[in-house]
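Q: Hi! Could you walk me through how this chain packs together? I'd like to start with the helices and then wander a bit.

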Amino acid sequence: MIESLISAFGQRGVDAAAFLLAFLLTALTDSAFRDRLPQDHGREFAVNGGLSKGKARGSGLIFVLCIALVSMAALPFRVEHIIYTVLLIASMLSGYFDDAAETAWNEYKKGIIDFVIAVAAGVTYLNFNGCQVHFLQFTFTLPYELYLFLIVVLIWASINVVNCTDGVDGLSASLAVVTIGTYLLAYHTELGEYATAGVVFMGALLAYLWSNAKPSTLLMGDAGSRAMGFFIAILSLKCGHPFSFLLAAVVFIVDGSLGIIKISLKRFLHISILKNTRTPLHDHVRKNKGWSDEQVVMRWLILQFVASALLLLVVRS
């Protein structure tokens, strides 16, 4: 079916149709089902966290299912892609059940789920793609066990730093659009059909951002942010240049990882760092530097655009 459409309209035509379909389907389902989503309880510990109380939360359930449906229709049938889609939905559901729970899940429960998803995705990737890695102009092969370990770290970290960055209207989805777009521009040929999946993801996120722009009426919740982190990690792997994640997602890494590192060192090693720095970093600049939400979004996007431009210059040099 999809091969016939590509033959008739070309890959760009199919990508354009898939992008538009993902945008429209997400917009329509957001409008139709937002009243059935759980309501946010507010987060008093976060800067302006109380303002989200009562808003529809967990929209990631909607746009991830839309992405899965459109991707399955627009991409050729591949077992590898089916497995990633199942794991994408699993990462979304783990976040959605947390969004809908009266009491938030603890970090250990979510961490174990993320670990299982990361291992399953890592084994799948290596079985279908092998252990070859590209870095700049160099190509080398890693031992299976080492590469699996690195993939698990990448996916687990991506899920969690993207999740931690979701705390300002319009921030995480906007950054994700830029990050995914960076991969498409830098590694379109290497990504192959996964470039179509990236286009679909961008279309759905842009539809979501229509309602998430400040003042937001809809929140993706952990359902959306955890799925976004998983998908970005998969793009990093499928392009064959996993180290590109360090530039393509640098704002996610810096903004989201500081809190994870700070809490982990305090909890497990009883080492206190960054005592005068609130985490995530977007909370610090709003509370201590007086930045508005709009300034955070724009300045974080500018920093990501700069990093993405650097990556593109390196790739095309």
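A: Happy to. Keep in mind that this is a predicted model. A good place to begin is α3 and α8, whose axes come within 6 Å and cross at roughly 155 degrees.

Q: So how are α3 and α8 oriented, roughly parallel or roughly antiparallel?

A: Angles over 145 degrees count as roughly antiparallel, and that makes α3 roughly antiparallel to α8. The crossing of α3 past α8 is right-handed.

Q: Which residues meet between α3 and α8?

A: On the α3 side they are E80, Y84, L87, L88, S91, M92, S94, G95, Y96, D98 and D99. On the α8 side you'll find G221, D222, A223, R226, A227, F230, F231, I234 and K238.

Q: And what's the make-up by class for the contact of α3 with α8?

A: It has 10 nonpolar, four polar and six charged residues.

Q: D98 caught my eye there. Is it buried or exposed?

A: D98 is buried, with a relative accessible area of 5%. It is found in helix α3.

Q: What does D98 touch?

A: Setting aside residues up to four places away in sequence, D98 touches A104, W105, K110 and D222. K110 belongs to α4's side of the contact between α3 and α4, and D98 is in that contact as well.

Q: Nice, let's go there. At what angle do α3 and α4 cross?

A: Helix α3 (residues 79-100) and helix α4 (residues 107-129) cross at roughly 170 degrees, with their axes coming within 10 Å. They are therefore roughly antiparallel to each other. From α3 the contact uses V79, E80, I83, Y84, L87, A90, S91, S94 and D98. From α4 it uses K110, I113, I117, A120, A121, T124, Y125, F128 and N129. By class, the contact of α3 with α4 has 11 nonpolar, four polar and three charged residues.

Q: What about α5 and α8, how do they pack?

A: Their axes are 7 Å apart, at an angle of about 145 degrees. α5 passes α8 in a right-handed crossing. Among the residues making the contact are Y147, I151, L154 and I155 of α5, along with M228, G229, F230 and I232 of α8. The contact of α5 with α8 has 11 nonpolar, six polar and two charged residues.

Q: While we're on α5, where does W156 sit and what is it in contact with?

A: W156 lies in helix α5, which covers residues 144-165. Leaving aside neighbours within four places in sequence, W156 is in contact with G111, D114, F115, A118 and I260. W156 is partly exposed, at 32% relative accessible area.

Q: Changing topic: how many salt bridges does a search of the whole structure find?

A: It finds 11. One of them pairs D99 with R57, with the closest N and O atoms 3.3 Å apart. D99 lies in helix α3 and R57 in strand β1 (residues 56-57), so the pair ties together parts that are 42 residues apart in sequence. Both D99 and R57 are buried.

Q: Which residues are linked in a network of salt bridges?

A: K214, D283, R286, D293 and E294. Within that network, R286 forms a salt bridge with D283, the closest N and O atoms being 2.6 Å apart. R286 also pairs with D293, where the closest N and O atoms are 2.9 Å apart.

Q: Where do R286 and D283 lie?

A: Both lie in helix α11 (residues 281-287), three residues apart, which is about one turn of the helix.

Q: And how buried are R286 and D293?

A: R286 counts as buried at 8% relative accessibility. D293 is also buried, with a relative accessible area of 10%.

Q: K214 is in that network too. What's the peptide bond from K214 to P215 like, cis or trans?

A: It is cis, with omega near -5 degrees. P215 sits in the loop between α7 (194-212) and β4 (218-219). For context, most peptide bonds are trans.

Q: Last one: what is phi of L136 near?

A: Phi of L136 is near 55 degrees, a positive value in a residue other than glycine. Most residues other than glycine have a negative phi. L136 is in the loop between β2 (132-135) and β3 (138-141), and it counts as partly exposed at 46% relative accessibility.

Conventions. Residues are numbered from 1 along each chain as its sequence is written. This is a predicted model: local features need pLDDT of at least 70, side-chain atom pairs count only at pLDDT 80 or more; totals for chains, interfaces and linings use all residues. Side-chain values use heavy atoms; hydrogens and water are left out. Axes are lines fitted to C-alpha atoms, for helices over the stretch in contact, and angles run from 0 to 180 degrees between N-to-C directions. Helices (H or I, at least four residues) and strands (E, at least two) are DSSP runs, numbered from the N terminus. Angles under 35 degrees count as roughly parallel, over 145 as roughly antiparallel, 65 to 115 as roughly perpendicular and the rest as oblique. Contact means heavy atoms within 4.5 Å. Ala, Val, Leu, Ile, Met, Phe, Trp, Tyr, Cys and Pro count as nonpolar, Asp, Glu, Lys and Arg as charged, and the others, Gly among them, as polar. Buried means under 20% relative accessible area, exposed over 50%, partly exposed in between (1.4 Å probe, protein chains only). A crossing is left-handed if the near helix is turned anticlockwise from the far one by less than a right angle, and right-handed if clockwise. A salt bridge is a side-chain nitrogen of Lys or Arg within 4 Å of a carboxyl oxygen of Asp or Glu.
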